[in-house]
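Trainee: I am new to this structure. Please pick a single part and take me through it closely, step by step.

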Amino acid sequence: MEDKKLEALKEDYKNIPIPDELDFVVKKALKEGKRDMMNNRKNRFKGLRILAATAAASFVVIVAGANTSQAFAETLQEVPVLGGIVKVLTFRVYSVDEDNYSAKIEVPKVEGLDNEQLQNSLNEKYLKENKKLYEEFMADIKDIEEVGEGHLAVNSGYEILADNDIIFSIKRYVETTKASTNVENKFDTVDKKNQVLITLPSLFKDESYVNTISDEIRKQMEEQVKSDSDKVYWLDDEELMPEDLFQKIDKEQRFYINSEGKLVICFNKYEVAPGYMGTPEFVIPTEVIRDLLAGTDYIK
């Protein structure tokens, strides 16, 4: 008798209907996930995010559904498995260590992007620019030895500035020391969702961002100079030519998006300030540029 009751309970358990709304959510997630996988796997995480967001954003709902419906639990098993993660490795190191000359040039390599064309393009660029840096270093050594004794050092590497579900930002730096030290930074920010390289103009509706951001940077420069007498920017210096003073950013100004989703505008050494100021960076408040943005996916 007890066995018959238990079998009846099991049968009732299996036949519990899936709520229409929840069934629709799961099937929609599956449909979206499969379509994304077929479409060059542009977004490996999208299926799970859609499922989590549309199912009332509640883990309790998922657990309750799985516990009350075998059909629901079996449906969940069809959700695409999360894919890999974008990562950066050191592909090659050019190294020289002699009495008067030293170099350490690290070449980064990006892995994990579904867009192989973009990934190859980035890696080819990194290899090419570092190979050129090494060749220039060796040529400079030859020139120094021809004219007499001298010193030369080059240190080049990379740093991950942001890495989340939406974006990936990397900085490559080159520090060269001859009579003085110069520092040059380059940045790349990748949209991990759509697998594209983000440019500064692509963030905005039109070119009005140039003046707006320039005004904000000038404001921050003036505030820093006012609060700290050791800080100097080339704003109003009668000893400099007008073209040497900071007027406005370039349309393709160096930038990155940080881990907080803020736009950061960057300058190389000597570009807008004396050398001791290093490589100035300015975080642009989102409220200053909000109305100019082409979208809100990146800048928060």
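Mentor: One definition first: two strands count as paired if DSSP finds at least two bridges between them. Keep in mind too that this is a predicted model.

Now the setting. The chain has 300 residues, and 38% of them are buried. It contains eight helices and nine strands. Take the contacts between residues at least 6 apart in sequence: 58% of these join residues at least 24 apart.

The part to study is an open sheet of six strands. Its order is 1-2-3-4-5-6, and its pairing is mixed. Strand 1 and strand 6 (196-198) are the edges, so named because each pairs on one side only. On average, neighbouring strands in this sheet are turned by 25° against each other, direction ignored. In general, strands of a sheet pair through backbone hydrogen bonds, either parallel or antiparallel.

Let us walk across the sheet, starting at the strand 1 edge. Strand 1 covers residues 87-97, and strand 2 covers residues 101-111. The two pair in the antiparallel sense, over 10 bridges. Three residues lie between them, and together the strands form a hairpin. To find this pairing in the model, look for Arg 92: it stands opposite Val 107 in strand 2.

Next comes the step from strand 2 to strand 3. Strand 3 covers residues 152-163. Here the two strands run parallel, joined by five bridges. Ser 102 and Ala 153 mark the place, with Ser 102 standing opposite Ala 153 in strand 3.

How does the chain get from strand 2 to strand 3? Helix 6 (residues 116-147) is part of the route: strand 2, helix 6 and strand 3 make a β-α-β unit. What is the hand of that unit? It is left-handed.

Helix 6 deserves a second look. It lies across strand 1, strand 2, strand 3, strand 4 (167-177), strand 5 and strand 6. Its direction runs at about 175° to strand 2.

Back to the walk. Strand 3 and strand 4 pair in the antiparallel sense over 10 bridges. A hairpin of three residues joins strand 3 to strand 4. Val 154 is a good marker here, standing opposite Thr 176 in strand 4.

Stay with Thr 176. Its bridge partner in strand 5 is Asn 182. Thr 176 therefore has partners named on two sides: Val 154 and Asn 182, because strand 4 is paired by bridges with both neighbours. The pairing of strand 4 with strand 5 is antiparallel and holds 11 bridges. Once more a hairpin makes the link, with three residues joining strand 4 to strand 5.

The last step takes us to the other edge. Strand 5 covers residues 181-191 and is joined to strand 6 by three bridges. These two strands run antiparallel. Look for Asp 191, which stands opposite Val 196 in strand 6. One general point helps when you view any such strand: in a regular strand the side chains alternate between the two faces of the sheet.

For contrast, glance at the other sheet. It is open, has three strands in the order 7-8-9, and its pairing is antiparallel. The edges there are strand 7 (255-257) and strand 9. The twist averages 25° from one strand to the next. Four bridges join strand 8 to strand 9. Within that pair, Val 264 has Val 283 in strand 9 as its bridge partner. Helix 7 packs on this sheet, touching strand 8 and strand 9, and its direction makes about 120° with that of strand 9.

Helix 7 (residues 209-227) is worth a short stop. Its buried residues include Tyr 209, Ile 213, Ile 217 and Met 221. Seen down the helix axis, the buried residues fall within an arc of 165°, so they line one face of helix 7. Those buried residues pack against strand 8 (263-266), strand 9 (281-284) and helix 8 (286-289). The face turned away from the buried side carries Asp 215 and Lys 226, which are exposed.

To finish, return to the six-stranded sheet. Trace it in the order 1-2-3-4-5-6. Then find helix 6 lying across its strands.

Note on methods:
Residues are numbered from 1 along each chain as its sequence is written. This is a predicted model: local features need pLDDT of at least 70, side-chain atom pairs count only at pLDDT 80 or more; totals for chains, interfaces and linings use all residues. Side-chain values use heavy atoms; hydrogens and water are left out. A crossover is right-handed if, with the strands pointing away from the viewer, the path from the first strand over the helix to the second runs clockwise. Buried means under 20% relative accessible area, exposed over 50%, partly exposed in between (1.4 Å probe, protein chains only). The arc is that of the directions from the helix axis to the C-beta atoms. Contact means heavy atoms within 4.5 Å. Axes are lines fitted to C-alpha atoms, for helices over the stretch in contact, and angles run from 0 to 180 degrees between N-to-C directions.
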